[in-house]
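I set out to record what I looked up in this structure, entry by entry. The notes are kept in the order in which I made them.

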Amino acid sequence: MDPKVVEAAPDSLDDLIAEMSSSSSYQQTPDIKTFALKTRAMLMKMDHKVHLARLRALFYRHLASIGIPKSLHCLSLRLTEDYLVNALARSSLPPPEYASRLTSDSYIHFALITDNVVAAAVVVSSTITSSADPEKIVFHIITDKKTYAAMHAWFALNHIPPAVVEVKGLHQFDWPARVNDMVMETVEEIHKSSQAYHYYGRADEYRRLEALKPNTFSVLNYLRIHLPELFPKLERVIFLDDDVVVQQDLAPLWDVNLNGNVLGAVIAQENDEGEDSHCIGKKLSDYLNFSNPMISSLSLVSNRDQCAWLSGMNVYDLQAWRRTNITQAYQRWLKHNREFGFVLYDVGSLPPALIAFDDQVHTIEPYWHLSGLGWRMPDSDLLQSAAVVHFSGPRKPWLEIGFPALREMWRAQLNHSNEFIRNCRVVE
């Protein structure tokens, strides 16, 4: 239909009836064909307005979800300044007498890769306070160069004994040439994919807008595929995203037998009868394009309707990982998706991991990990019983768009009397 006809169409049914019955608009009684034509034009105009409204709402939500509040900017700047002028803010992490714990298998090792200081503070605080034996905890926090000073200052000034916390910037790793080349291959591929994606674009505005979120092509978000290289002397590690809160002691998870697999993850939720009822996250087919021959040729095609394992809280057997080619497979699929115009799977760090870790995932009990708190309010019983709650989704608890009750639960992990928290109004 001619766009001009659609634009000139009535805005409502009442306007249509008024126009059709107006003697000033028509010299003779309009026929049914004219009425149908105008009705169709009106419906198309309404549909177009609904489409624009949905797109505008998604765009505003997108802006709200990626914006960094002034309070977090303030916190990072204040901490960086303190790092430069305060010797205590630059003190060793961990203190030299505890350095041996960083590589000792007698301790429970947690890994966190983030550039969000206040989020890291919540993860570390909630993990330690939930532990029955915090002296056994070692936290390894990896961040980028621009955030390193602020991150180091926070944990130097707010240490939680007797746990040990290490803060390390990417610029501080001194890898052998072979390992450095492997890591840089991933970094370079992320940069190539980011540039190429803007070139290819997508016909679906909604999915394209979601994919343009900063963490979609954030290097930090992809570095978990190099955990064996980041921690060459460790045999096992529990990886946590920066948008989680730990509610129970995770020591039992550390001792879970992965039965020779590399990854331990929650896959499905069980109902009262013990049968799989629904996916906590998404199905494999929600991430991977099984209509493409490259994807449909994979062995996991037979499981396309099964639930995908959840990222955000996982236990890794690094020894078993080093005996596989998982990292190389992950890098290949990153490259394949870019070369095929991003049609193999949705852009992001998880879809290629679903392929690379296929047949290397051990299912752990659902109560270990409750995800989706950034999308919806969960059932209260599930919320209370979950060992780790994960704010996956756009409504992060440090944003104003977060669910109020869940934001308060997250904020409760912060020390409200802390000078930096108070002065920057992080929790007002």
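The entries below concern two helices, a cavity and a loop residue in what is a predicted model.

**Entry 1: helix α4**

I began with α4, which runs over residues 70-85 and has 16 residues. I compared its reach with the expected one: the distance from its first C-alpha to its last is 23 Å, close to the 22 Å expected at 1.5 Å a residue.

I then asked which residues of α4 are buried. I noted Ser71, Leu72, Leu75, Leu79, Asp82 and Tyr83. These residues cover an arc of only 110° around the axis, which puts them on the same side of α4. On the other side of α4 I found Lys70, Leu77, Leu84 and Val85 exposed.

I next looked up what the buried residues of α4 pack against. Their partners are α5 (117-129), α6 (145-157) and α19 (419-423).

**Entry 2: the cavity**

How many cavities of 30 Å³ or more are there? I recorded one cavity by this count. For the largest cavity I noted a volume of about 70 Å³.

I listed its lining as Ile190, Ser193, Phe217, Tyr222, Leu334, Asn337, Arg338, Phe342, Tyr345, Val347 and Gly348. By class, I entered seven nonpolar, three polar and one charged residues for this lining.

Which helices each supply at least two residues of the lining of the largest cavity? I found α7 (177-200) and α15 (326-339). The largest share, three residues, comes from α15.

**Entry 3: helix α15**

I therefore turned to the span of α15: its 14 residues should cover 20 Å at 1.5 Å a residue, and its end C-alpha atoms are 20 Å apart, which agrees.

I looked up the buried residues of α15 and noted Ile326, Thr327, Ala329, Tyr330, Gln331, Trp333, Leu334, Asn337 and Arg338. Of these names, I had already entered Leu334, Asn337 and Arg338 among the lining of the largest cavity.

Just after α15, I recorded a positive phi of about 75° at Gly341.

**Entry 4: Arg304**

Where is Arg304 found? I placed Arg304 in the loop between α13 (293-296) and β9 (313-317). I entered Arg304 as partly exposed, with a relative accessible area of 34%; the class lies between buried, under 20%, and exposed, over 50%.

I then looked up which residues Arg304 touches, not counting residues up to four places away in sequence. I noted Lys283, Leu284, Ser285 and Phe290. I also entered the pair Arg304 and Asp286, 18 residues apart in sequence and 8.7 Å apart in space, C-alpha to C-alpha.

Conventions
Residues are numbered from 1 along each chain as its sequence is written. This is a predicted model: local features need pLDDT of at least 70, side-chain atom pairs count only at pLDDT 80 or more; totals for chains, interfaces and linings use all residues. Side-chain values use heavy atoms; hydrogens and water are left out. Helices (H or I, at least four residues) and strands (E, at least two) are DSSP runs, numbered from the N terminus. The expected span of a helix is 1.5 Å times one less than its number of residues. Buried means under 20% relative accessible area, exposed over 50%, partly exposed in between (1.4 Å probe, protein chains only). The arc is that of the directions from the helix axis to the C-beta atoms. Contact means heavy atoms within 4.5 Å. On a 1 Å grid over the protein atoms alone, a cavity is a set of points where a 1.4 Å probe fits but cannot get out, and a pocket is an open set with protein on both sides within 12 Å along at least five of seven lines; lining residues have an atom within 4 Å of a point. Grid points are joined across faces, edges and corners, and a volume is the space filled by probe spheres set on the points. Ala, Val, Leu, Ile, Met, Phe, Trp, Tyr, Cys and Pro count as nonpolar, Asp, Glu, Lys and Arg as charged, and the others, Gly among them, as polar.
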